[in-house]
Amino acid sequence: MSETDCVISNHAEFHALWAQVLAGKGLLTQYAERMPLTDLLLNPPRSCVLDMRFFSTMPEPLSLMNLAKATCLLLAFGELSVDAELAWLAVGVKACCTPDLPLARLQVIVDVTSRDGIWVSTGALPFLLKGLQHYTASHSVNDTHKNLKQLTPQERKIANLVAQGQSNKLIARELNISDRTVKTHLSTIFSKLNISDRVHLALFMSRQF
């Protein structure tokens, strides 16, 4: 895998936006023509932002599964339904971006996905949690309560807010603490509960009810 990020789009404004998003992250290669999938798989970039407006007919998610396995793949859509977002995430895509997302949110998405996380929209998160619950029904409520006793009151508040889909910024504002403090608390929560990310934390918290 190369140490280059790539952006693929035939829209100049798209390239300009993502150049700002990825500024300072390292080498950036921009393509104005859609590269053959085989070329990307032969030398996969560190990350790839693909403008899905390139396609006259929207491809099936499975057609990009191998690329999603080979690189951190972010897809950008003109519009996207919740069902479509979940289908793309299911094949390994790290994030699905839409035009309503501001620069600051796109930078957060890059930060999350660069650390092997996934970004899920607020609209899709409840449906994703519902699907995950189906596979974790074997965990007992008693075990959940027992594990939650490891958390301090402040950590419990933060965990509950994450379960409600709140961002770090909104949690910080509600609890009158800094974003950095929220991140520190989340790292401690993940460690105490043996959980890898906020999606699994939200699922874990939902089992207490």
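## Exercises on a predicted model

At 62% relative accessibility, leucine 62 counts as exposed. This value, like those that follow, comes from a predicted model, and the exercises below work through the structure piece by piece.

### Exercise 1. Placing leucine 62

Determine where leucine 62 lies, and how far its C-alpha atom is from that of tryptophan 88.

Solution. Begin with the classification: the cut-off for an exposed residue is over 50% relative accessible area, and leucine 62, at 62%, is therefore assigned to that class. Next comes the location, which is the loop between β3 and α3 (65-70). Finally, although leucine 62 and tryptophan 88 are 26 residues apart along the chain, their C-alpha atoms are separated by 8.3 Å.

### Exercise 2. The aromatic pairs

Find how many aromatic pairs the structure holds, and describe the geometry and the burial of the rings in the pair of phenylalanine 14 and tryptophan 18.

Solution. The count of aromatic pairs is 2. In one of them, phenylalanine 14 and tryptophan 18 are 6.2 Å apart from centre to centre, with 40° between the planes, and the pair is classed as tilted. The class follows because planes under 30 degrees apart would count as stacked and planes over 60 as edge-to-face, the rest being tilted. The sequence positions come next: the two residues are 4 apart in helix α1 (residues 12-21), which means that about one helical turn separates them. As for burial, phenylalanine 14 has 8% relative accessibility and counts as buried, and tryptophan 18, with a relative accessible area of 2%, is buried as well.

Phenylalanine 77 and tryptophan 88 also form a tilted pair, with 6.0 Å from centre to centre and 50° between the planes. Here phenylalanine 77 belongs to the loop between β4 (72-76) and α4 (82-90), while tryptophan 88 sits in helix α4, so the pair ties together parts that are 11 residues apart in sequence. Phenylalanine 77 is buried at 5% relative accessibility, and tryptophan 88 is buried with a relative accessible area of 3%.

### Exercise 3. The sheet

Work out the strand order of the sheet, explain why one side of β2 and of β5 is left without a neighbour, and examine the environment of strand β1.

Solution. The sheet is open and has 5 strands in the order β2-β1-β3-β4-β5, with parallel pairing. Because β2 (27-31) and β5 (95-97) stand at the edges and each has a single partner strand, one side of each lacks a neighbour in the sheet. From one strand to the next, the twist averages 15°.

The pairings can then be taken in turn. Strands β1 and β2 run parallel and are joined by 5 bridges, and isoleucine 8 stands opposite tyrosine 31 in β2. Strand β3 (residues 47-51) pairs with β4, also in the parallel sense, over 5 bridges, and serine 47 has cysteine 72 in β4 as its bridge partner.

For β1 itself (residues 4-8), 5 of the 5 residues are buried, so the strand is largely enclosed by the rest of the structure. In a regular strand the side chains alternate between the two faces of the sheet. In β1, Thr4, Cys6 and Ile8 point one way and Asp5 and Val7 the other way, and all are buried.

### Exercise 4. The largest pocket

Establish which residues are closest to the centre of the largest pocket, and which classes of residue make up its lining.

Solution. The largest pocket contains about 1100 Å³ of space. Its lining consists of 32 residues, of which Val108, Val112, Ser167, Asn168 and Arg198 are the closest to the centre. The elements that contribute two or more residues to this lining are α5 (103-114), α9 (168-175), α10 (179-193) and α11 (198-206). Sorted by class, the lining comprises 13 nonpolar, 9 polar and 10 charged residues.

### Exercise 5. Loop residues

Compare the loop locations and accessibility of aspartate 116 and asparagine 176, and then locate isoleucine 118.

Solution. Most residues other than glycine have a negative phi. Aspartate 116, although not a glycine, has a positive phi of about 70°, and asparagine 176, likewise not a glycine, has a positive phi of about 60°. Aspartate 116 is placed in the loop between α5 and α6 (125-135) and is exposed at 60% relative accessibility. Asparagine 176 is found in the loop between α9 and α10, and its 70% relative accessibility makes it exposed.

Isoleucine 118 lies in the loop between α5 and α6 and counts as partly exposed at 36% relative accessibility. The C-alpha atoms of isoleucine 118 and leucine 89 are separated by 8.2 Å, with their positions 29 residues apart along the chain taken as the sequence separation.

Conventions: Residues numbered from 1 in each chain as written. Predicted model: local features only at pLDDT ≥ 70, side-chain atom pairs only at ≥ 80, totals over all residues. Heavy atoms only, no water. Phe/Tyr/Trp six-rings, centres within 6.5 Å; stacked < 30°, edge-to-face > 60°. Buried < 20%, exposed > 50% of the residue type's maximum accessible area, 1.4 Å probe, protein only. Pairing = 2+ DSSP bridges. Axes fitted to C-alpha atoms, helices over the stretch in contact; angles between N-to-C directions. 1 Å grid on protein atoms, 1.4 Å probe; cavity = no way out; pocket = protein on both sides within 12 Å on 5 of 7 lines; lining within 4 Å. Points joined across faces, edges and corners; volume = space filled by probe spheres on them. Nonpolar A, V, L, I, M, F, W, Y, C, P; charged D, E, K, R; others polar.
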